[in-house]
Amino acid sequence: MEMLGFVGGTGPQGRGLGLRLAQAGHPVLLGSRDPAKAEEAVAKVHGKDPDVDVRGVSNAEACTAADVVFITIPYGGQAAALEDLADAIGDKIVVNCVNALAFDERGPHPVSVAAGSAAEESQQLLPRARVVGAFQNVSATKLLRPPDPIEADVLICGDDEDARAAVAPLVERIPGLHPVDAGPLRLARPIEELTAVLLAVNKRTGGHSSIRLTGLP
Ligand SMILES: NC(=O)c1ccc[n+]([C@@H]2O[C@H](COP(=O)([O-])OP(=O)(O)OC[C@H]3O[C@@H](n4cnc5c(N)ncnc54)[C@H](OP(=O)(O)O)[C@@H]3O)[C@@H](O)[C@H]2O)c1
């Protein structure tokens with residue numbers, strides 16, 4: 001199975017996806033700017049499941065060694081991080097989970113991105129890579145509660161059809177998640193913006209909402 005590398009794999013989203021995909025059989029590299037933090041993240045994952053193949057590395061090593069690179073850092077750090085990692089990523093498939101959001105006293109809200117979305121910005125920063133937006137609406141809290149299934153649809157967008165098709169099986173390997181091919185990367189913007197709505201709903205309800213489409217064949 002493909003080796004999966006996570007840039008910013010020490011946060012809840014990187015650990016959660018890393019845990020679930022390692023449980024599905026993928027070797028996983030949790031990347032960090034800080035080696036000690038990467039080791040702590042691995043210990044947290046092994047606290048959930050001691051049998052998974054998960055290692056802590058630098059972000060650059062995660063990108064170099066992985067077959068597929070996940071971006072799981074806050075939007076504010078993305079541009080600087082990806083400029084440094086572009087050579088290590090090269091022409092690989094990049095799964096961008098980043099939401100271009102900010103938070104103020106009224107709650108979460110989308111931020112304006114010149115490229116359109118965090119995912120499109122990452123494609124501009126990584127022109128050789130095949131960027132796919134996915135998992136932006138999936139709650140890390142639920143990912144970190146195996147073996148509970150998540151029961152959600154994952155919208156996949158990207159301008160490379162083969163890359164979108166390659167990411168769909170990764171979605172399917174997490175119990176309860178269902179991939180939906182949403183088409184071009186320009187649709188990442190409403191997908192990322194929708195996460196602000198989900199977070200606002202979560203705050204009001206105490207839930208961990210995701211999305212599910214109806215009317216599909
Ligand atoms: N949390 C969720 O439920 C959820 C759900 C869907 C999507 N997402 C998206 O996934 C991304 C990660 O979410 P998260 O909650 O895991 O975030 P997080 O905990 O705030 O950050 C994840 C990791 O990113 C690294 N990082 C933080 N600031 C950075 C910077 N300026 N430059 C480079 N690296 C930086 C840190 O790793 P090191 O310090 O170890 O380098 C941190 O542990 C976000 O864009 C979010 O919108 C999150």
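These legends go with close-up views of a predicted model. Local features need pLDDT of at least 70 and side-chain atom pairs count only at pLDDT 80 or more, while totals for chains, interfaces and linings use all residues. Residues are numbered from 1 along each chain as its sequence is written, and side-chain values use heavy atoms, with hydrogens and water left out.

**View 1. Who surrounds the ligand.** The shell holds 20 residues, with Thr 10, Ser 32, Arg 33, Lys 37 and Ile 73 coming nearest (a residue is near if one of its heavy atoms lies within 4 Å). Sorted by class, that shell has eight nonpolar, ten polar and two charged residues, with Gly counted as polar.

**View 2. Polar contacts to ligand oxygens.** Here a polar contact is a pair of N or O atoms within 3.5 Å. Thr 10 puts a polar side-chain atom 2.6 Å from a ligand oxygen, and a polar side-chain atom of Lys 37 also lies 2.6 Å from an oxygen atom of the ligand. Gly 11 uses a backbone N or O atom instead, 3.4 Å from a ligand oxygen. Overall, the protein covers 75% of the 890 Å² of accessible area that the ligand has on its own (Shrake-Rupley, 1.4 Å probe).

**View 3. Two cysteines, no bridge.** A search of the whole structure turns up zero disulfides (cysteine sulfur pairs within 2.5 Å). Why no bond for Cys 97? Because its closest cysteine sulfur, in Cys 157, is 11 Å away, which is too far. Cys 97 counts as buried at 6% relative accessibility, and Cys 157 does too at 0% (buried means under 20% relative accessible area, with a 1.4 Å probe and protein chains only).

Definitions and conventions
A polar contact is a pair of N or O atoms within 3.5 Å; within protein, one must be able to donate a hydrogen and the other to accept it, and residues adjacent in sequence count only if both atoms are side-chain atoms. Buried means under 20% relative accessible area, exposed over 50%, partly exposed in between (1.4 Å probe, protein chains only).
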